[in-house]
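Please look through the sequence and the structure shown here before reading the report. It is meant for a reader who has not met this structure before.

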Amino acid sequence: MSQPQILTVAFCLCDGVTLSDFVPPSEILGGLNMADTPMFPAEFGHVPYRVKCDYLAPSMEPVKSLIGPAGITTNPTQTYSGAQKEGTQYDVLWVPAGMFRPLLLPRLSMNTLQAQAPKAKYILSVCGGSALLAQAGVLSGKRATTNKAFFKVIEAMSPKDITWVAKARWVVDGNVWTSSGVSAGSDMAIAFVAHLAGDKVARLIRGQVEVFEHGQDDDPFAEFHGLV
């Protein structure tokens, strides 16, 4: 039996990050690593991937969340400049919502996205994280979605060569995955696990974290926000 492949994952953070865009998904992706523990039934057989995660930020200072002092902070494991200096190439880029207005976006994070994207195996965004990918040029010529509460704003501020999908829980275009707002990131993470390791493994992890099953088109918030 072949050894599992280690996928290196970079969660791309900055102050103002939405915690639920990356904390639950990181636990879902980390579920693949449970294949090495007694928590994973033997009958599930070989699981081809494990994950190793870095939490990137502009500095090693704790990252403040969107809700400021009321929220927890996140301790980075690497800086954007440090990753670039060391020549680290990540397999998976995970981009949550944060300060997605271009003038507030740290230049280092934009530079890192643009440098990493061409060789990354997968690029995923949650909520307004798609605005970061749009500004970095990653979504050019692709279909994508985003948080429906800010859909029109993000569409208007983004390059015009992106096809924004109003009704979608998440969208997959090649190796780029984009999800709707916040909790949709967990649905996309489960689907991504299924893509990597199969439906059976994804179903096991879904049952452990107790995430309701949603399909790509299960998007009541498009109608809620008057987009369809």
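The report takes up strand pairing, the nonpolar core, a pocket and two loop residues, in that order.

## Model and strand pairing

The structure is a predicted model, and the description begins with strand S1, which covers residues 5-12. This strand pairs in the parallel sense with strand S2 (residues 49-57), and the pairing runs over eight bridges. Between the two strands the chain passes through helix H1 (residues 23-30), and the resulting β-α-β crossover is right-handed. Within this pairing, Ile6 has Arg50 of S2 as its bridge partner.

S1 also pairs with strand S4 (residues 92-95), again in the parallel sense, here over three bridges. In this second pairing, Val9 is matched with Val92 of S4 as its bridge partner.

## The largest nonpolar core

In soluble globular proteins, nonpolar side chains tend to be buried together. The largest nonpolar core of this model holds 42 residues, and the members that touch the most others are Leu32, Trp94 and Val201. The elements that contribute two or more residues to this core are S1, H1, S2, S4, strand S5 (122-125), H6 and H7. Helix H6 gives the most, with nine residues.

## The second largest pocket

The second largest pocket has a volume of about 180 Å³. Its lining is made up of Trp170, Asp187, Ile190, Ala191, Ala194, Asp199, Ala202, Arg203, Arg206, Glu213 and His214. By residue class, this lining divides into five nonpolar residues, one polar residue and five charged residues.

Helix H6 (184-197) and helix H7 (199-209) each supply at least two of the lining residues. These two helices are also among the elements that give two or more residues to the largest nonpolar core.

## Two residues with positive phi

Which loop holds Val182? Val182 is found in the loop between strand S9 (176-179) and H6, and its phi is near 50°, a positive value in a residue other than glycine. With a relative accessible area of 28%, Val182 is classed as partly exposed, because that class takes in values from 20% to 50%.

Glu210 is not a glycine either, yet its phi is positive, at about 55°. This residue lies in the loop between H7 and helix H8 (220-224). Glu210 has a relative accessibility of 69% and therefore counts as exposed, since the exposed class begins over 50%.

Definitions and conventions
Residues numbered from 1 in each chain as written. Predicted model: local features only at pLDDT ≥ 70, side-chain atom pairs only at ≥ 80, totals over all residues. Heavy atoms only, no water. 1 Å grid on protein atoms, 1.4 Å probe; cavity = no way out; pocket = protein on both sides within 12 Å on 5 of 7 lines; lining within 4 Å. Points joined across faces, edges and corners; volume = space filled by probe spheres on them. Helix = DSSP H or I, 4+ residues; strand = E, 2+ residues; numbered from the N terminus. Nonpolar A, V, L, I, M, F, W, Y, C, P; charged D, E, K, R; others polar. Pairing = 2+ DSSP bridges. Right-handed = clockwise from strand over helix to strand, strands pointing away. Core = buried A, V, L, I, M, F, W, Y, C linked by side-chain atoms within 4.5 Å. Buried < 20%, exposed > 50% of the residue type's maximum accessible area, 1.4 Å probe, protein only.
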